[in-house]
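Please find below a short report on the fold of one protein, written for a reader who has the sequence and the structure at hand.

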Amino acid sequence: MPRWQRVLGHVGVGRGSISAAMIACGLLTVSGCAATPSSGSVSTPTSTPSPTPTVSLDPGDLWKGFAAELADLGTILAFVGGYLAVLLILARLLAFAPVIRDPRSSLGWRRTTWVAGLLLVVLVAGSAALRGLWIMRATGPAGVTIDASGPGSQFGPFLQAVFVRSGFWWALVMFSALAVAILAFAIASRQGVTIKLTSKDGGEGLDSAHILAAMDGMAGRPNRGIEFPIGTDITTAAGAVSELSSNKAVAALQVVVAWLLGLSPWTLAVDNEGADAASVTISRNGTLIKAKRVRIAESDHLDAVDELTKAEQLAALIGGELIAVLRTRYRRDFDEDLSGATDGGSIALHYIASRAFDERRIHPARDREILERAVELDPQNRAAWATLMNLSYRDASIHRPDEPAAHVAYRDRLDTAIAQELVHGPNGRGPERTWTDQYGREVRARATTRMLRRNTLLLRLLQARAAAAANALATGTPAGVNDAAAWALHAEVGSGEKRSPGPGVPMRRWQLLLVGAFRDSEQPALLADGRFSDELRAWQNPGLATDDATALRIAREDAALGVRADFRRDALVSYALACVRAMRLERDRASGSASASAVAGAQGPLETSIADLLVVAAGSAAVREWYPVDPEMTLVRGTAMEPAAMCPKPEEPAPEEKPEDESLLVLTKRLLAHLAEPTD
């Protein structure tokens, strides 16, 4: 009996023999028959039961049987593995077809095609194997006979059984073709990017690490989904395979294997021409998508940027072009964070200006020129516009402490920018929201809280508007038309930020949101939100027992603000809290109310707290630059609350050198030159 039939049929045969013996014994027992018939009875011929098969318990025989079963299982697994490999190779080849090699897709669609394609491939391969086993055991459909009784490998008869044509066989062929098509789309639509960098200077300066760092800064966060196969991954493994043999035929086969293993449809080829120029080629599945030469141009004002090296600037320009191309194919993945930007140069210039300004805030005019060039290249880049407005507003030279015009103008421009985000951002079935822009036009949008929280630019604008509105109020300007709505929207969006634009940024925004809530005279309404339950408990139990209402309020605020992190280590949070308390001190003095210690002649808790906070805030160059013109600090400037570090003395110019201070050699040269002059 062939092993295939023995594996799948020996259990049934054994049960049949045992059942026949049991039935025969049962009949004899019921009729009262015995081994020796009694007198007067008719002897009934009994059938001889078939012999029961015996199983050898010898370890050697058991091992031989187990090895035979493994050999049969290995044949099945070899077929399934080969079938899967053939389908994957066909899918990889089909990904280069013109109709599928450059598709548009979304993250959800790509995940669905990968799961559906792989599941369908496994089901088809398993069904084909099971069908072959069934045909070998049951002699096949329509009387097809498969001879598997001979010695040796059963793979040949098994393949013969698999390729017996029938209606189910054609169905497997159709499902295999469908699986190949689905996997081909999944492979062709992946966001895998391979970087190929060639340099004339031997790799000095620009390298793959610079490009990866720039991509991470602009759009390479994990939620983006971009994959760079660099390091100990499939690309390195594929490269190692190609070095195993010096035989040309074998090496060619290994290159094909490496090509099949590397499932990165995108290729970024960079030819580094020098320190400030490079040629960029972006292709997808063998199709050229874009070719461009990028360089650090004087017209973009990049030649004056010394906070970033030439290699970092060049990497940013290259990364911007790649992001702009990827955005055209994955719009639903990129549009949300690019905020309308479509030009690679504009994306790169915005990134360079922002990073240079964050490194050292000593060239705001130059950074504004770079941002102006960015919005000139792409007027729809809303993020670049927002950054340009903020840099222009924070220029201390255009402000006067008692002049509200700049604060009001910036607040109104932010109203228009927020209205644009509500319109152009993700909209769904959320509640209708009404917003008024700077021209008095009402904007209505429907967006859920979850959608709004995904818009990082909206959160930046709301935070900037809160500061501008507070500064405008400090100059005596009436509240804006959107002040109440802006605070409610800021609390709704900022209290659930999940995505991190940088180290420590979400914590700072969380604390700044709390600081804004402290402007309420009573317990901040924001603490009633369930997400602030820990802060609410800290507010209610500050750990200070005192009859001084002002000191108790300060203790409550400090306790709530320090639940998640020590706010005294952050200069910007400390300065924002000092501004809130400075305005409270101004209101208390205007109304005639003061703390018990202040009435007694000593410095009150508000004054002491403001002075301590300003010592921490003075560690920020941005704060030191803004402090002299901040309208909320009018009451503090020039008093004992102002730390010396907040207003450093200007550097005295070096004294001019007098002739008597010069050396003898210089005086001799001057005398000889004077004597050599012609006389009239």
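The report goes from the whole chain to a sheet, a helix pair and two local sites.

## Basis and overall make-up

This is a predicted model, in which local features need pLDDT of at least 70, side-chain atom pairs count only at pLDDT 80 or more, and totals for chains, interfaces and linings use all residues. Residues are numbered from 1 along each chain as its sequence is written, and side-chain values use heavy atoms, with hydrogens and water left out.

The protein has 25 helices and 6 strands, where helices (H or I, at least four residues) and strands (E, at least two) are DSSP runs numbered from the N terminus. Of its 680 residues, 40% count as buried, buried being under 20% relative accessible area, exposed over 50% and partly exposed in between, with a 1.4 Å probe and protein chains only. Among contacts (heavy atoms within 4.5 Å) with a separation of 6 or more, 67% come from residues 24 or more positions apart.

## The four-stranded sheet

An open sheet of 4 strands follows the order β1-β2-β3-β4 with mixed pairing, two strands being paired if DSSP finds at least two bridges between them. Its edge strands, each pairing on one side only, are β1 (193-199) and β4 (287-295). Neighbouring strands are turned by 15 degrees against each other on average, direction ignored.

Strand β3 (residues 277-284) pairs with β4 in the antiparallel sense over 8 bridges, and T281 has A291 in β4 as its bridge partner. Helix α9 lies across β1, β2 (266-272), β3 and β4, and runs at about 150 degrees to β4; axes are lines fitted to C-alpha atoms, for helices over the stretch in contact, and angles run from 0 to 180 degrees between N-to-C directions.

## Helices α9 and α10

The axes of α9 (residues 310-329) and α10 (residues 331-338) come within 6 Å and cross at roughly 125 degrees. That crossing makes α9 oblique to α10, since angles under 35 degrees count as roughly parallel, over 145 as roughly antiparallel, 65 to 115 as roughly perpendicular and the rest as oblique. In this contact, I323, L326, R327, T328 and R329 of α9 meet R331, F334, D335 and L338 of α10.

## Two buried sites

R110, found in helix α3 (residues 107-137), counts as buried at 7% relative accessibility. Leaving aside neighbours within four places in sequence, R110 is in contact with S105, S189, R190, Q191, Y330 and D333.

In helix α19 (residues 533-540), E535, A538 and W539 are buried. Seen down the axis of α19, these buried residues fall within an arc of 105 degrees, so they line one face of the helix; the arc is that of the directions from the helix axis to the C-beta atoms.
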